[in-house]
Structure formats: structure tokens, C-alpha cells
Amino acid sequence: MTNHQVYLGLGSNLGDCRKNLERAIRLIDDRVGEVIRQSSFIETEPWGFESEHRFVNAVVLCETTKTPREVLLLTQQIERDMGRRKVNGAGLMVNGQRIYTDRIVDIDILLYDDLTIDEPDLKIPHPLMHQRDFVMIPLKEIQ
């Protein structure tokens, strides 16, 4: 089987955010593939919505034999297992607009090898990552 490199962005702003990310990274390592690099944790303000809760964000590089679709399904399952209720994107869709919400954990596929995928529920590279310092700063740290 071929190993693929996938960069995943993680965020949490509910509960013990650092512990949430540490648990998510362990689950990624167990279920998706070996985490071979991990950025520092950074604290950031919410993006796209207002909340009294700051985020803790990180990026990991994982080596996996899974397909991009399998990685998506596995990371969504990790989110659910950790208590996340909404898994189709970061927030609810209301009148065609995405409404972002507080979350225990959010895991986004940022990059998968050199692939470009444009499907309704799977877009690689992540289409908004270049607009988000909380993604780009930790990504650049480990690339």
C-alpha cells in the first residue's frame, strides 16, 4: 500500500481545548495513520462568528494508506466520538449561508499529497485555508 501525506487542521473552543486536541491527535494516529509532525498549539479568536470562547488550533501531518474519502469519514467519526454534534462542515447552513458555532473539536483536511478534489462535501486543498492565519501559521511551521 502506498503512503500518502495528509495535513489536517484542528481546532477546539469548548472544554479543555488543549486536552481535546491532544485526544484528537491520538485518535488520528490510531485511526487515520501515523502522525509524523505536529505544530505548536496556538490560541486564536473565533473566525466567522462571535464567541466568548477562544480557540486552540494546530496542524498535523499524517502518513496514511487511506483514501481522501476514508480520511474524511474517519475524521468526522472522531469528531462525533469526541462529542461533536454537527459534522457536515464547521457549522449549520441557514439560507445558503454557513453559520459557524462553538465546538469541542473540528478536524479539516487541508492538503492530501498534491491532489485537487472538488466534490460537494470534500474539497482539497481546503478552499479557505489561505484566509485563515490559525491554519497557515501552524501549517508553515511543519511544512
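Trainee: Is E45 buried, exposed or partly exposed?

Mentor: Keep in mind that this is a predicted model, then look at the number for E45. Its relative accessibility is 47%. Buried would need under 20% and exposed over 50%, so E45 counts as partly exposed.

Trainee: Which residue does E45 form a salt bridge with?

Mentor: The rule asks for a Lys or Arg side-chain nitrogen within 4 Å of a carboxyl oxygen of Asp or Glu. For E45, the closest N and O atoms of the pair are 2.2 Å apart. The partner is R54.

Trainee: How far apart in sequence are the parts that the pair of R54 and E43 ties together?

Mentor: R54 and E43 make a salt bridge too, with their closest N and O atoms at 3.5 Å. R54 sits in the loop between strand 3 (42-44) and strand 4 (55-64), while E43 is in strand 3, so the parts they tie together are separated by eleven residues.

Trainee: What is the relative accessibility of R54?

Mentor: Let's start with its partner: E43 is partly exposed, at 47%. R54 also falls in the partly exposed class. Its value is 37%.

Trainee: Which residues are linked with R54 in a network of salt bridges?

Mentor: We've already met two of them, since R54 pairs with E43 and with E45. The network has one further member besides these and R54. So the residues linked with R54 are E43, E45 and R18.

Trainee: Are R84 and D106 buried or exposed?

Mentor: These two side chains meet in a salt bridge, at 2.7 Å from N to O. They come from distant parts of the chain, 22 residues apart: R84 from the loop between helix 2 (68-81) and strand 5 (91-94), D106 from strand 7 (residues 106-112). Both are buried.

Trainee: How many salt bridges are there?

Mentor: The ones we've looked at include R84 with D106 and E45 with R54. Counting by the rule, the total is ten.

Trainee: Which element gives the most to the largest nonpolar core?

Mentor: That core has 27 residues, and L8, L10, I28, I107 and I109 have the most contacts inside it. Elements giving two or more residues include strand 1 (4-12), helix 1 (17-31) and strand 7. The top contributor, with six residues, is helix 1.

Trainee: How many residues are in the second, separate core?

Mentor: Look for L110, L111, F134 and L139, which are among its members. The full count is twelve.

Technical notes:
Residues numbered from 1 in each chain as written. Predicted model: local features only at pLDDT ≥ 70, side-chain atom pairs only at ≥ 80, totals over all residues. Heavy atoms only, no water. Helix = DSSP H or I, 4+ residues; strand = E, 2+ residues; numbered from the N terminus. Buried < 20%, exposed > 50% of the residue type's maximum accessible area, 1.4 Å probe, protein only. Core = buried A, V, L, I, M, F, W, Y, C linked by side-chain atoms within 4.5 Å.
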